[in-house]
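Me: Hi! I'm new to this one, could you walk me through it?

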Amino acid sequence: MLAAVRSAALVGIDAFDVTVEVDAAAGLPQWTIVGLAASSVKESRERVGAALVNSGFQVPPRRITVNLAPADVRKDGTAFDLPIALGILVATGQLEAVTLERRLFVGELGLDGRLRTMRGALSVARHAARAQVSTLVLPAPNVGEAARVSALELCAPVSLAEIVDQLRRGQLASARDEFSNTREPRRDSADFSDVIGQQTAKRALEVAAAGGHNALLVGPPGAGKTMLARRTPSILPELLEEEALEVIAIHSVAGLLEQDGVERGVRPFRAPHHTISSAGLIGGGSSPRPGEVSLSHHGVLFLDELLEFPRHVLDGLRQPMEDAKVVIARASQAVTYPARFTLIGATNPCPCGRAGDPTGSCNCSSADIERYASRISGPLADRIDMHVTVGAVALRDLSGKKTGDSSSEIRQRVESARGRQRKRFAKIRGLTCNAFAAGRWIDANGKVRPESRELLQTAAERLRLSARGYHRVLKVARTIADLEESAEVGPAHIAEALRYRPVIKSAADSRHAITAQISTT
């Protein structure tokens with residue numbers, strides 16, 4: 001007897017239909033799984049066989065063939081255990097085929113028949129809603145993310161025996177009654193008011209958060225670069241509903257949803273170590289997985305000790321920073337992951353970290369500094385909107401009272417600025433902040449005063465800015481104007497944005513923007 005069970009597989013963060021066909025024919029007892037199945041799928045023979053027996057069902061000694069259609073697309077993961085088990089029950093006459101109609105089944109089975117969590121449940125749920133499936137049957141731990149798709153009925157049985165009993169009775173228990181979509185109150189463990197001094201760096205990070213701009217913090221060890229960067233999430237607005245769906249889908253596919261906590265609406269903050277590989281940062285592998293740039297989608301990617309990262313790894317950031325996506329091509333398929341992130345880097349100005357110290361304690365030669373700064377390429381440095389000098393705080397000031405605005409006060413201004421930007425880009429799908437807008441669009445539609453444009457053009461010639469640098473200064477200025485609730489970009493906004501660009505003094509310096517910045521510290 002032939003059975004067909006509807007399921008789904010993942011490609012990137014998208015899902016597609018897979019029909020699990022099971023044939024139980026006479027012959028020597030044997031299990032065969034075809035349809036370009038990965039090793040994790042082929043291993044389901046042992047899991048499904050034990051789960052069926054331990055759940056009280058029979059596994060007749062027949063030749064069982066399982067086909068995953070379409071057969072020309074690679075299938076990976078363990079979510080086919082449940083549909084394969086149900087297909088065997090239908091093929092052996094232990095379950096009526098009509099009970100599976102217009103229902104989609106996914107889930108891993110334990111040897112005792114219990115359903116275990118799976119990756120990519122939200123992607124499967126979004127696909128099921130588009131495919132007009134009546135009910136999605138999935139493991140109970142995945143209901144929280146799948147329930148964000150409101151136009152879909154969910155069923156989350158605890159075990160294989162439970163779902164078979166419900167199918168036989170013709171009534172599936174709804175899982176939405178036990179799920180609450182209310183968000184917990186936001187709690188930020190770190191606050192900007194804890195940072196003593198560093199008003200310039202605080203202002204720069206506020207601008208970066210308001211417009212989604214990339215920023216590089218340069219200063220001596222212990223100046224507070226890492227402390228400032230790790231407080232950036234506390235001033236970011238919460239994820240919008242559409243943004244949250246994308247972020248949760250990425251983290252679910254990567255199997256990191258529970259530990260990252262992005263399902264609560266908090267923007268992701270990723271801080272990989274400088275020993276990370278190119279595949280770990282950008283994404284890849286034999287079975288492509290999202291890298292840190294995609295895991296920080298709609299959030300912050302913080303690279304501490306930026307110049308300690310291998311140069312070829314850093315250069316891999318250039319295309320994602322421009323395209324807001326990563327395309328991982330393999331011989332059999334190409335996978336696309338979104339990567340619209342804000343890069344915040346922190347680095348010492350020289351190998352010893354004391355370049356620019358007024359006490360003159362730095363003993364690095366100019367060649368040492370040049371060699372150290374050359375670890376970041378000129379094209380990548382040009383893509384960083386804001387270069388910020390973070391000076392050391394006097395020790396006597398550390399015991400003083402807290403100064404400056406709290407994270408909640410800064411976040412209010414950031415949310416207000418983001419609201420103005422959403423209105424500005426209301427007709428451009430997927431665009432919510434200035435950093436990701438086209439420079440020519442901002443130049444034409446950003447309401448830049450003539451005297452402001454003249455100031456920027458003069459400064460761009462003297463500072464030898466590239467066309468990209470010119471537009472990035474303009475976008476930063478537009479964000480500063482949004483923070484000040486100004487409809488037009490004035491000369492003062494351009495002047496502040498220009499302060500965040502490193503001064504270029506020579507053609508040699510133009511190759512290394514950080515070196516030029518150090519010379520003015």
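Reply: Happy to. A helix crossing is called left-handed if the near helix is turned anticlockwise from the far one by less than a right angle, and right-handed if clockwise. Keep in mind that this is a predicted model.

Me: Okay, which hand is the crossing of helix 17 and helix 20?

Reply: Helix 17 and helix 20 cross in the right-handed sense. Their axes come within 8 Å and cross at roughly 115°, with helix 17 covering residues 407-424 and helix 20 residues 467-483.

Me: And which residues meet there?

Reply: From helix 17 there are Arg-413, Val-414, Ala-417, Arg-420, Gln-421 and Arg-424, and they meet Arg-478, Thr-479, Asp-482 and Leu-483 of helix 20. The residues of this contact comprise five charged, three nonpolar and two polar.

Me: New topic: what volume does the second largest pocket have?

Reply: About 690 Å³ for the second largest pocket. Its lining has 26 residues, and the closest to the centre are Glu-242, Glu-246, His-298, Arg-429 and Gly-430.

Me: Which elements give two or more residues to that lining?

Reply: Those are strand 2 (14-25), helix 4 (121-130), helix 9 (241-253) and strand 16 (334-338). By kind, the lining residues divide into 11 charged, nine nonpolar and six polar.

Me: Last thing: how many aromatic pairs are there?

Reply: The count comes to two. In one of them, Phe-269 and Phe-302 have ring centres 6.0 Å apart and planes at 25°, so the pair is stacked. Phe-269 lies in strand 11 and Phe-302 in strand 14, so the pair ties together parts 33 residues apart in sequence.

Note on methods:
Residues numbered from 1 in each chain as written. Predicted model: local features only at pLDDT ≥ 70, side-chain atom pairs only at ≥ 80, totals over all residues. Heavy atoms only, no water. Axes fitted to C-alpha atoms, helices over the stretch in contact; angles between N-to-C directions. Helix = DSSP H or I, 4+ residues; strand = E, 2+ residues; numbered from the N terminus. Contact = heavy atoms within 4.5 Å. Nonpolar A, V, L, I, M, F, W, Y, C, P; charged D, E, K, R; others polar. 1 Å grid on protein atoms, 1.4 Å probe; cavity = no way out; pocket = protein on both sides within 12 Å on 5 of 7 lines; lining within 4 Å. Points joined across faces, edges and corners; volume = space filled by probe spheres on them. Phe/Tyr/Trp six-rings, centres within 6.5 Å; stacked < 30°, edge-to-face > 60°.
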